[in-house]
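Grab a viewer and a notepad. Here is a handful of exercises to work through, each with its solution spelled out step by step.

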Amino acid sequence: MLRASVREVSTALKEGHVTPTELCQRCLALIKSTKFLNAYITVVEETALKQAEESEKRYRTGQPLGVLDGIPIAVKDNFSTAGIETTCASEMLKGYIPPYSATVVQKLLDQGAVLLGKTNLDEFAMGSGSTDGVFGPVRNPWSYSRQYKEKSVPKSHPEDEDSNWVIAGGSSGGSAAAVSSFTCFAALGSDTGGSTRNPAAHCGVVGLKPTYGLISRHGLIPLVNSMDVPGILTRCVDDAAVVLGSLAGHDPKDSTTIQDNFKLFELPNLIDVSKLSIGIPKEYHAPGLSSEILALWSKAADLFKNAGANVIEVSLPHTHYSIVCYHVLCTAEVASNMARFDGLEYGHRSDMNKSTESMYAATRREGFNDVVRGRILSGNYFLLKQNYENYFVKAQKVRRLIANDFMKVFRSGVDILLTPTTLSDAVPYIEFIKEDNRTRSAQDDILTQAANMAGLPAISVPTALSERGLPIGLQFIGRSFQEKQLLTVARWFEKQVKFPMIELEEVKRHDHGVFQHQKSASFS
């Protein structure tokens with residue numbers, strides 16, 4: 001049952017094969033047995049069981065609220081949740097309990113979804129490994145899979161097995177790990193420069209970053225207002241479409257959301273690929289791209305070509321400047337957003353009481369880690385009067401050029417862009433921490449952040465296992481507000497590649513349900 005899709009579970013709930021309470025209990029039990037993954041910061045067992053009981057009553061009377069009624073979900077711990085601690089994995093917000101829920105969280109609850117808990121992340125979502133939060137790093141569930149153990153662990157000494165675990169990616173690593181390990185059916189992440197798609201690729205799940213403005217940011221603790229988007233993590237593309245349908249649309253509390261009503265859609269089972277034009281951006285053949293991913297990318301392009309699609313090489317000439325541009329704009333907005341954490345209204349407050357200024361300084365020194373403080377310093381430097389024109393304004397101009405590159409390609413007739421999501425498969429934690437956060441983020445965001453700067457929808461789809469038995473994902477980028485087309489193409493691709501399901505001993509012990517799907521690997 002835990003391996004089934006959202007629609008399958010919804011059907012099983014309606015037909016009485018399982019109850020929301022039973023489903024919730026199985027997920028909670030699995031969360032406990034996979035605690036070593038460190039995917040969750042807070043688990044709200046009592047609240048979840050109450051929500052499951054309410055859902056059960058609705059099913060008994062034949063009045064479920066929708067497809068998501070009774071479905072266990074998780075939420076990244078940078079979304080406000082009324083009455084539930086929201087920490088951003090930082091000392092600064094330890095103990096902070098918001099008085100309201102983020103719009104996306106409330107929409108899920110209004111649809112009857114069962115909230116299991118809040119997931120781990122890099123502090124204030126600044127990172128690409130989910131290793132820099134105050135609650136410790138997230139472990140990738142694939143580190144403990146049969147596939148990885150058979151190919152990688154035997155090469156090392158048995159006593160080194162525990163140090164051989166790989167990162168989950170970031171900054172939404174907790175949400176990706178939660179979905180990948182079957183502890184929930186869907187999870188919310190946030191995506192500023194790839195923070196949903198990166199961990200999705202590393203954890204073998206689907207990661208959707210919708211068009212900027214399609215989903216409300218109200219209640220998402222901001223990192224970069226002009227790029228932040230709530231992301232969706234699921235185990236299949238259709239599940240992502242289901243969740244998107246319940247979240248999208250105008251929110252009067254977020255002026256950046258679309259004014260038009262969002263039209264609900266279901267993905268078609270059949271698609272005529274021959275009518276599609278797939279663009280392959282040559283600039284995404286980036287330095288450091290592994291030969292394995294390059295070969296997989298080429299094979300995916302051939303898959304579309306053989307199905308009759310028009311596959312053409314395209315150019316996004318300003319891509320080379322995008323990561324530098326992103327760094328300037330990101331840190332500038334971070335510096336502005338982090339100014340609210342002063343120890344006066346909420347969150348951590350230092351005991352230093354010599355003066356207001358000393359209290360401010362001590363609070364921020366104690367509350368933020370080195371990564372956050374470093375980005376604040378960089379951002380304030382770029383925003384200095386003497387630097388503003390040379391850095392921030394120039395970066396905004398380059399951002400416009402990057403967005404124009406995408407517009408030109410799509411106006412030329414290209415429907416979807418196909419790119420890698422990451423430069424390689426997930427690296428061992430002991431290797432990852434040898435480089436500092438900023439260096440790692442610059443490397444890991446290089447293939448994903450341009451879509452954020454252009455405000456375009458993008459999705460990472462798990463494609464194959466690497467030689468080490470770890471997931472590799474490929475990315476599809478679509479036109480603004482054309483999520484239906486993007487998800488339809490992604491779903492077609494998903495069906496062709498038949499990505500193998502993770503094999504975890506912990507899941508086998510807890511999953512004795514109706515559905516026991518096991519896909520076979522055919523695309524590698």
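The exercises below go from charged pairs to an enclosed helix, the nonpolar core and two single residues.

**Ground rules.** This is a predicted model, where local features need pLDDT of at least 70, side-chain atom pairs count only at pLDDT 80 or more, and totals for chains, interfaces and linings use all residues. Residues are numbered from 1 along each chain as its sequence is written, and side-chain values use heavy atoms, with hydrogens and water left out.

**Exercise 1.** Find what the salt bridge between D69 and R58 ties together.

*Solution.*
- Start with the criterion: a salt bridge is a side-chain nitrogen of Lys or Arg within 4 Å of a carboxyl oxygen of Asp or Glu. Searching the whole structure with it gives 17 salt bridges.
- Now check the pair: D69 and R58 meet at 2.8 Å, N to O.
- Next, place both ends. D69 sits in the loop between helix 3 (45-60) and strand 2 (72-76), and R58 is in helix 3, so the bridge ties together parts 11 residues apart in sequence. (Helices, H or I with at least four residues, and strands, E with at least two, are DSSP runs numbered from the N terminus.)
- Last, look at burial: D69 has a relative accessible area of 0%, which makes it buried. The cut-offs are under 20% for buried, over 50% for exposed and partly exposed in between, using a 1.4 Å probe and protein chains only.

**Exercise 2.** Work out which residues are linked with R146 in a network of salt bridges.

*Solution.*
- First pair: the side chains of R146 and E150 come together at 2.8 Å, N to O.
- Both belong to helix 5 (residues 146-151) and are four residues apart, about one turn of the helix. That fits the general rule: an α-helix has 3.6 residues a turn, so residues three or four places apart point the same way.
- Accessibility: R146 is partly exposed at 35%, while E150 is exposed at 53%.
- Full network: R146, E150 and E503.

**Exercise 3.** Decide how enclosed helix 6 (residues 173-180) is.

*Solution.*
- Count the buried residues: eight of the eight are buried, so helix 6 is largely enclosed by the rest of the structure.
- List the cover, which includes strand 1 (40-43), strand 3 (114-119), strand 4 (186-191) and helix 7 (197-203).
- Then step past the end: F182 follows helix 6 and has a positive phi, near 70 degrees.

**Exercise 4.** Pick apart the largest nonpolar core.

*Solution.*
- Apply the criterion: a nonpolar core is a set of buried Ala, Val, Leu, Ile, Met, Phe, Trp, Tyr and Cys residues joined through side-chain atoms within 4.5 Å.
- The largest such core has 164 residues, and L418 and F304 are among those with the most contacts inside it.
- Helix 10 (residues 319-337) supplies the largest share of this core, eight residues.
- Zoom in on L418: setting aside neighbours within four places in sequence, its contacts (heavy atoms within 4.5 Å) include W297, F304, L474 and F476.

**Exercise 5.** Describe the surroundings of V507 and N387, leaving aside neighbours within four places in sequence.

*Solution.*
- V507 is in helix 18 (residues 505-510) and is buried at 0% relative accessible area.
- Its contacts are R3, L30, S181 and F182. For L30, 477 residues away along the chain, the C-alpha separation is 7.0 Å.
- N387 is in the loop between helix 12 (370-382) and helix 13 (389-411). N387 is buried at 9%, and it is in contact with Y381, F382 and F392.
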